[in-house]
Amino acid sequence: GDGKPTVDPGGRFDNRVAAANAVGIAVTSAKRAARNISAPLMVCVSERETLMDPRHAEEVARNAPRGEARYYDGDHFAVYHRPLLDELLADQTTFLQRHLHVRGA
């Protein structure tokens, strides 16, 4: 169409977004899209989350028809380090083995 431009010719537009806003956008999108995910979905929830409310991750798991939430006693970044990393990787491996119908070596 012949719509009007968002910014007048010669005008300025600052397209920066605060990181906190980006998290909100991603969470809202994930919660909305979860009900359309037909594949098994494992959602890892940090119980002491520092960047977002862990209830958002729980809601994604609940909204997905085959969603499962797994809980880890750590903050947002603790799951990337031992000992929680080992627990998370074991849970992910078990989840994949169960849904792919394969056994571990």
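## A nonpolar patch on the surface

L51, F77 and Y80 together form a nonpolar patch of about 350 Å² on the surface. Keep in mind that this is a predicted model.

To place F77, look in the loop that runs between β2 (67-72) and α3 (84-100). F77 counts as partly exposed because its relative accessibility is 47%, and partly exposed covers the range between under 20% (buried) and over 50% (exposed).

## The overall layout

Step back and the chain has three helices and two strands. Reading from the N terminus, the order is α-β-α-β-α.

As for the surface as a whole, the chain exposes about 8000 Å², and 54% of that comes from carbon and sulfur atoms. Of the 105 residues in the chain, 19% are buried. Sequence-distant pairings show up too: take the contacts between residues at least 6 apart in sequence, and 70% of them link residues at least 24 apart.

## Inside: two cores

What sits in the largest nonpolar core? Eight residues do: A34, L41, V43, V45, A57, V60, A61 and A64. Two elements, β1 (41-46) and α2 (54-63), each give two or more residues to this core. A57 is a handy residue to zoom in on: setting aside neighbours within four places in sequence, A57 is in contact with V43, V45 and M52.

Apart from that core lies another one, made of six residues, including M42, L84, L88 and F95.

Technical notes. Residues are numbered from 1 along each chain as its sequence is written. This is a predicted model: local features need pLDDT of at least 70, side-chain atom pairs count only at pLDDT 80 or more; totals for chains, interfaces and linings use all residues. Side-chain values use heavy atoms; hydrogens and water are left out. Patches are made of residues with over 30% relative accessible area and no salt bridge: like charges are joined within 9 Å, nonpolar side chains (Val, Leu, Ile, Met, Phe, Trp, Tyr) within 5 Å. Accessible areas come from the Shrake-Rupley method with a 1.4 Å probe; for residues, only the protein chains shown count as cover. A salt bridge is a side-chain nitrogen of Lys or Arg within 4 Å of a carboxyl oxygen of Asp or Glu. Helices (H or I, at least four residues) and strands (E, at least two) are DSSP runs, numbered from the N terminus. Buried means under 20% relative accessible area, exposed over 50%, partly exposed in between (1.4 Å probe, protein chains only). Contact means heavy atoms within 4.5 Å. A nonpolar core is a set of buried Ala, Val, Leu, Ile, Met, Phe, Trp, Tyr and Cys residues joined through side-chain atoms within 4.5 Å.
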